[in-house]
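I kept these notes while paging through one model. Pull up the structure and follow along with me.

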Amino acid sequence: MTTAARTAPAQGTAEREDAGHFDVLIVGAGVSGIGAARHLQDHFPDRTFVILDAQDNRGGTWWTHRYPGVRSDSDLFTYGYRFKPWRGPSIAAGDEILAYLDEVLDEYDLRQHVRYRHRVIAASWSTEDRRWSVDVTRDDTGQQVRFTTGFLWMCQGYFNHAKPYQPRWEGMERFAGLIVHPKRWPEDLDLSGKRIVVIGSGATAATLIPAIAGKAEHVTKLQRSPSYWFAPPTTHELAVTLRSLDIPEEWTYEILRRQYIQLTDWLARTAREAPGDLHTFLIESMRPLLPEGFDIEKHFTPRYRPWQQRIAIVPDGDLFAVLREGKASIVTDTIESFTEHGIKVSSGEEIPADIVVSATGFTMSVLGDVAFTVDGEPVDLAERVTWRGIMISGVPNMAYIFGYFRHSWTLRVDLVSDLVCRLLAHMQDRGATMVVPTLRPRDQDMELRPWCDPENFNPGYVMRSQHILFRQGDREPWTHLLEHEQEREILPKADLEDGTLVYR
Ligand SMILES: Cc1cc2nc3c(=O)[nH]c(=O)nc-3n(C[C@H](O)[C@H](O)[C@H](O)COP(=O)(O)OP(=O)(O)OC[C@H]3O[C@@H](n4cnc5c(N)ncnc54)[C@H](O)[C@@H]3O)c2cc1C
């Protein structure tokens, strides 16, 4: 049995203050929660809802990540919601994304529904009462309060905002410099004249390095193994043309969305059907951007197929530019130990450092680490099966949002929200107050598979957490499909009466 996934019964029943009842309770005021709220409000203007978030402000990821250069690594024309055109450049800074979310909150009058510093600890479903009791710790007042709701919509994202992944390396304690995690970037960190080592091979390192390279004496990117990179221009020519024609912004947005969706479909399809071709394309597109004679084989040739992990986007090739200018360099090797003045790698080389940035990623959090119980029974998520990547077997009146890895996260926010709203309307039509994803007799013996097939997608943070994640079956609807190309056909037509959803 897994410990982290085993959920405990709700506690502190007696002393919790009643915080009221809402038809729908949304956990998370990030991109997913704000999108879910807008779709809900649009479909059901008369239903009451509340959005609870543990942070002190909106934006989730975009609020908690403040390291220099923080930006999107997918295009904003598909990262934007279907209902709200994105008017900026295709790759956006964290602040620009927050400003976009602010506009959504204001235009749809959603701020009044959000309660910040409300951390959801436990949720208990009662079939008799047809409601969830949701136990919350208020980080502002320290109060323990309880909401009740008819439908719980988990929009908590996928990682623990308070605990970034920080591996331990031998000798860390004797290092005389500073070790920083990008998630906890000190606002007043002075980089001038400093030798900086950034450990990591993902999007964070790629974003951070060009942003700090000009300020530090030198930045070394230390990676255990290489990743795939792609360097599109930030200025999208078609966007410039369409905008110059003074046509409605909604049209421009829709055209650019379709173009980006098509491009990402092509990338995902080529990764599946002709991985060798995509590999060659990605490597060759980098070659002219790198310094003459650069060891591409060693530093830029991954050991996995393209898209088995995210392809890191380098807008306008800014990371390559700082390599060309000699402001940054790359070492591909494993860390043997920290020394007093740097890091020693397996080759025996010691990389001098005043500051080490550990861009080592996330610790995954499954459904916000909320302890779920159903009719008094703790829910062990690792023993459950996902229903279309949206609900969980045996857990009534609860949906969750988990976006795409390969396409923009938000494309799935819109699709899942459509389905959840259709389900709520269907329940109303049927006169049902409860819906439970339930394995049909013919599903009982199906093969259970990991939530994420490592052959398909295998970044470190997912692989480290597979044991606490719910699982997939070998057939629909007990699957979580990763491709937008498939889901945009399947989800709108998903049969809500196929026997896998039991209504009461
Ligand atoms: C630096 C960075 C860049 C990224 N760039 C892209 C990109 O370009 N394209 C892309 O598709 N994806 C990108 N991602 C992935 C990104 O996480 C998603 O795009 C998206 O922001 C997730 O939104 P969310 O609302 O689902 O989750 P989050 O942003 O994680 O927000 C969830 C919110 O729920 C709250 N919460 C969680 N648990 C609880 C609880 N128990 N009680 C109360 N509140 C809770 C959290 O406090 C948080 O505010 C990026 C991620 C990072 C870190």
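**Entry 1: strands 8 and 16**

I began with isoleucine 199, whose bridge partner in strand 16 is serine 358. A reminder to myself before going further: this is a predicted model. Then I looked up how strand 8 (residues 195-199) and strand 16 (residues 355-358) pair, and found them running parallel, joined by four bridges.

Next I wanted the sheet around them. I found an open sheet of five strands in the order 7-16-8-9-12, with parallel pairing. Which strands stand at the edges? They are strand 7 (178-180) and strand 12 (328-332); each has a single partner strand, so one side of each is left without a neighbour in the sheet. I also checked the twist: neighbouring strands of this sheet are turned by 20° against each other on average, direction ignored.

**Entry 2: the sheet of three strands**

I moved on to another open sheet, this one of three strands in the order 13-14-15, with antiparallel pairing. Strand 13 (335-338) and strand 15 (350-352) are the edge strands here, and because each has a single partner strand, one side of each lacks a neighbour in the sheet. The average turn between neighbouring strands of this sheet is 25°, direction ignored.

For the pairing itself, I noted three bridges between strand 14 (residues 342-345) and strand 15, which run antiparallel. Glycine 342 is the residue that stands opposite proline 352 in strand 15.

**Entry 3: strand 2 and its neighbours**

Is strand 2 (residues 49-52) buried or exposed on its two faces? I found cover on both: Phe49 and Ile51 are buried on one side, and Val50 and Leu52 are buried on the other. That fits the textbook pattern, in which the side chains of a regular strand alternate between the two faces of the sheet.

Then I looked at the partners. Strand 1 (residues 17-27) pairs with strand 2 in the parallel sense over four bridges, and valine 27 stands opposite leucine 52. Strand 3 (residues 114-115) also runs parallel to strand 2, joined to it by two bridges. There, leucine 52 stands opposite arginine 115. So that I keep the chemistry in mind: strands of a sheet pair through backbone hydrogen bonds, either parallel or antiparallel.

**Entry 4: around the ligand**

Which residues come nearest to the ligand? Of the 35 residues around the ligand, I listed Ser32, Thr61, Asp73, Ser74 and Tyr79.

I then went through three of the polar pairs:

- An oxygen atom of the ligand lies 2.7 Å from an N or O atom in the side chain of threonine 61.
- For aspartate 73, a polar backbone atom is 2.5 Å from an oxygen atom of the ligand.
- In the side chain of tyrosine 79, an N or O atom is 2.7 Å from an oxygen atom of the ligand.

How much of the ligand does the protein cover? On its own the ligand has 980 Å² of accessible area, and the protein covers 95% of that.

I sorted the shell by residue type and got 14 nonpolar, 16 polar and five charged residues. By element, helix 1 (31-43), helix 2 (61-64) and strand 4 (118-126) each supply at least two residues of the shell. Strand 4 gives the most, with three residues.

**Entry 5: strands 4, 5 and 6**

Strand 4 led me onward. It pairs with strand 5 (131-138) in the antiparallel sense over eight bridges, and alanine 122 stands opposite aspartate 135 in strand 5. The hairpin of these two strands has four residues between them, and arginine 130 takes a positive phi near 55° there.

Glutamate 128 lies in the loop between strand 4 and strand 5. Buried or exposed, I asked of glutamate 128? It is exposed, because its relative accessible area of 77% is over the 50% cut-off. I also took a long-range reading: glutamate 128 and arginine 310 are 182 residues apart in sequence and 45 Å apart in space, C-alpha to C-alpha.

Strand 5 is mostly covered, with six of its eight residues buried. On to its pairing with strand 6 (residues 144-154), which is antiparallel over six bridges. Serine 133 has threonine 148 in strand 6 as its bridge partner. Strand 5 and strand 6 form a hairpin with five residues between them, and in the turn glycine 142 has a positive phi of about 80°.

Technical notes. Residues are numbered from 1 along each chain as its sequence is written. This is a predicted model: local features need pLDDT of at least 70, side-chain atom pairs count only at pLDDT 80 or more; totals for chains, interfaces and linings use all residues. Side-chain values use heavy atoms; hydrogens and water are left out. Buried means under 20% relative accessible area, exposed over 50%, partly exposed in between (1.4 Å probe, protein chains only). Two strands pair if DSSP finds at least two bridges between them. A residue is near a molecule or strand if one of its heavy atoms lies within 4 Å of it. A polar contact is a pair of N or O atoms within 3.5 Å; within protein, one must be able to donate a hydrogen and the other to accept it, and residues adjacent in sequence count only if both atoms are side-chain atoms. Accessible areas come from the Shrake-Rupley method with a 1.4 Å probe; for residues, only the protein chains shown count as cover. Ala, Val, Leu, Ile, Met, Phe, Trp, Tyr, Cys and Pro count as nonpolar, Asp, Glu, Lys and Arg as charged, and the others, Gly among them, as polar. Axes are lines fitted to C-alpha atoms, for helices over the stretch in contact, and angles run from 0 to 180 degrees between N-to-C directions.
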